[in-house]
Amino acid sequence: MLISRKLSAIDDVEEVSVMMGTPANKALLESTGFWHEEFAQATPNDICAAIRTRQPVADILNLIQQRLDARAERYCPGAEQRPASAKGAPLGERLRETAGGKPGADLRRRGVRAGVARQGLESGKNVMLFSDNVPLEQERALKQYARERGLLVMGPDCGTAAIAGAPLAFANILPAGCIGVIGASGTGIQELTSQVALLGQGVTHAIGLGGRDLSQQIGGLSALTALEMLAADAQSKVIAFVSKPPAESVRQTIISAMKKLV
């Protein structure tokens with residue numbers, strides 16, 4: 001995270017660890033010697049910042065808060081004009097409350113809980129879920145709700161996508177072209193689109209599905225919607241699909257859907 005770099009540059013700061021409060025991250029903080037008892041109360045929507053210094057650093061907590069507020073203001077203008085009581089809320093809550101979406105936009109990117117993603121779908125927006133902290137049953141419910149309304153849920157655990165040339169999360173700026181990409185593997189999307197660019201071709205959209213979309217439990221719900229969206233896109237003349245090994249029944253479902261597009 002950028003905040004880690006900023007903190008590491010401070011005099012007398014030796015080591016910094018900034019992580020979301022997921023169970024896996026909290027276990028890592030403990031195993032690496034950065035544990036503090038207050039982290040036990042952290043939720044996956046909280047940020048845990050552990051800093052090892054040679055001597056006390058004045059106002060370091062205020063500096064962290066300033067960095068977080070600056071990021072919130074960048075993505076949610078007006079957040080710092082909210083009442084003081086609202087500023088005391090967790091950052092995820094503040095982002096949820098202040099991110100109203102830009103006029104005309106049809107995509108919302110979310111790093112918070114599934115309930116916020118549901119709100120985006122209810123407002124008619126496609127949703128990208130970067131976070132992987134969504135139970136399987138909630139993922140299926142979100143994707144089923146979206147599919148019934150012709151909307152797309154990218155994720156959970158969608159770390160790579162590019163929509164109409166705009167890179168989202170860990171993605172490259174790609175040349176425009178006629179190839180639409182669908183992927184249930186972020187590294188697969190990165191490699192495929194990079195090779196497309198190196199060969200002198202371009203990409204219309206690169207749609208990430210999240211790592212579990214092609215599982216038996218989810219059934220490729222987002223993959224099917226993504227196929228339909230790219231098939232209806234006049235600029236996408238070729239559709240490429242990349243993934244880790246899917247459930248066999250889901251693979252057959254996706255292949256059947258592809259054949260209907262030909």
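What share of the 262 residues of the protein counts as buried? Color the chain by accessibility and you'll see: 39% count as buried. Bear in mind as you look around that this is a predicted model.

Start with the whole chain in cartoon view. You should find ten helices and ten strands. Switch on a surface next: the protein exposes about 14,300 Å², with 53% of that supplied by carbon and sulfur atoms. If you prefer a contact map, look at pairs with a separation of 6 or more; residues 24 or more positions apart make up 61% of those contacts.

Now select residues 248-261, which is helix α10. Put a distance between its end C-alpha atoms and you get 20 Å, which agrees with the 20 Å that its 14 residues should span at 1.5 Å a residue.

Stay on α10 and show side chains for Val250, Ile254 and Ala257, which are buried. They sit on the same side of α10, because the arc they cover around the axis is only 60°. Why does that spacing work? An α-helix has 3.6 residues a turn, so residues three or four places apart point the same way. To see what lies over the buried residues of α10, add α9 (221-231) and β10 (238-242), which are among the elements covering them.

Last stop: the cysteines. Select Cys48, which has 1% relative accessibility and therefore counts as buried, being under the 20% cut-off. Then jump to Cys178, which at 27% counts as partly exposed. Looking for disulfides? The count is zero, with a pair of cysteine sulfur atoms having to lie within 2.5 Å to qualify.

Conventions
Residues numbered from 1 in each chain as written. Predicted model: local features only at pLDDT ≥ 70, side-chain atom pairs only at ≥ 80, totals over all residues. Heavy atoms only, no water. Helix = DSSP H or I, 4+ residues; strand = E, 2+ residues; numbered from the N terminus. Buried < 20%, exposed > 50% of the residue type's maximum accessible area, 1.4 Å probe, protein only. Contact = heavy atoms within 4.5 Å. Areas by Shrake-Rupley, 256 points an atom, 1.4 Å probe, with all protein chains shown as cover. Expected span 1.5 Å × (residues − 1). Arc of directions from axis to C-beta.
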